[in-house]
Amino acid sequence: MAKAKPFSIPKRDVWDAFQKVKANQGAAGVDGQTIAEFEADLANNLYRLWNRMSSGSYFPPPVRRVDLPKSDGRTRPLGIPTVGDRVAQEVVKQYLEPILEPRFHADSYGYRPGRSAIDALRKTRQRCWRFDWVLDIDVQSYFDSIDGSCCSRRFVIIRTARGCFSTLSAG
């Protein structure tokens, strides 16, 4: 008998992801739906999301853009995904994090679980007493200036993760 769904995503993973999204709160996305409104029809919303992710037909909706003011007068755009998309992202994160986390360098602190900017500063402070030189790298436009072929293999999973597992099993 053939498999019913091309991607094996346990329904429990979708439920656990929703619990994390709910605990984190957050604003409504472009659809205006709050967590409370999503929860009002929770069984149907989670089933629909699981079904689309498992079948490979899930596509994330647009995000709501909010411009946050910066101290220099400029603004920084912030994208707010819908509640359903945050749940989908959390499902993907739960899947990818144990695979990708061990591949990061020990001195990488950005967007890592259990690590913060304070941890990075603490490590920097320790090293200031051990070394008499500093290497300062500004990565603002780094990926615009390097040969993409050298790193595309490592980023293919990350880039397609929001497209929902479409290439995870492709080696």
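Q: What makes a residue count as buried in this predicted model?
A: A residue is buried when its relative accessible area is under 20%. Of the 171 residues of the protein chain in this predicted model, 23% count as buried.

Q: Why is Thr82 called buried?
A: The relative accessible area of Thr82 is 5%, and the cut-off is under 20%, so Thr82 is buried.

Q: Where is Thr82 found, and which residues does Thr82 touch?
A: Thr82 is in the loop between β2 (75-80) and α4. Leaving aside residues up to four places away in sequence, Thr82 touches Gly29, Val30, Asp31, Pro61 and Pro62.

Q: How many helices and strands does the protein chain have, and what is the order of the elements?
A: There are 7 helices and 2 strands. From the N terminus on, the order is α-α-α-β-β-α-α-α-α.

Q: What share of the contacts with a separation of 6 or more joins residues 24 or more positions apart?
A: In the protein chain, such residues account for 62% of those contacts.

Q: What makes a set of residues a nonpolar core, and how many residues has the largest nonpolar core here?
A: The members must be buried residues of the nonpolar kinds listed for a core, joined through side-chain atoms within 4.5 Å. The largest nonpolar core has 21 residues. Those with the most contacts inside this core are Ile9, Val14, Phe18, Leu46, Leu49, Met53 and Val87. Two or more residues each come from α1 (11-24), α2 (35-40), α3 (42-55) and α4 (83-100). The element that gives the most is α4, with 7 residues.

Q: Which residues does Val87 touch, not counting residues up to four places away in sequence?
A: Val87 touches Val14, Ala17, Phe18, Val21, Leu46 and Leu49.

Q: Why are α3 and α4 called oblique to each other?
A: Their packing angle is about 50 degrees, with the axes 11 Å apart. Angles under 35 degrees count as roughly parallel, and 65 to 115 as roughly perpendicular. An angle of about 50 degrees falls in neither range, and α3 and α4 are therefore oblique to each other. The crossing of α3 and α4 is right-handed.

Q: Which residues of α3 meet which residues of α4, and how do the residues of this contact divide?
A: Leu46, Leu49 and Met53 in α3 meet Gly84, Val87, Ala88, Val91 and Val92 in α4. The residues of the contact divide into 7 nonpolar, 1 polar and no charged. Gly counts as polar, so Gly84 in α4 is a polar residue of this contact.

Terms used
Residues numbered from 1 in each chain as written. Predicted model: local features only at pLDDT ≥ 70, side-chain atom pairs only at ≥ 80, totals over all residues. Heavy atoms only, no water. Buried < 20%, exposed > 50% of the residue type's maximum accessible area, 1.4 Å probe, protein only. Helix = DSSP H or I, 4+ residues; strand = E, 2+ residues; numbered from the N terminus. Contact = heavy atoms within 4.5 Å. Axes fitted to C-alpha atoms, helices over the stretch in contact; angles between N-to-C directions. Parallel < 35°, antiparallel > 145°, perpendicular 65-115°, else oblique. Left-handed = near helix turned anticlockwise from the far one by under 90°.
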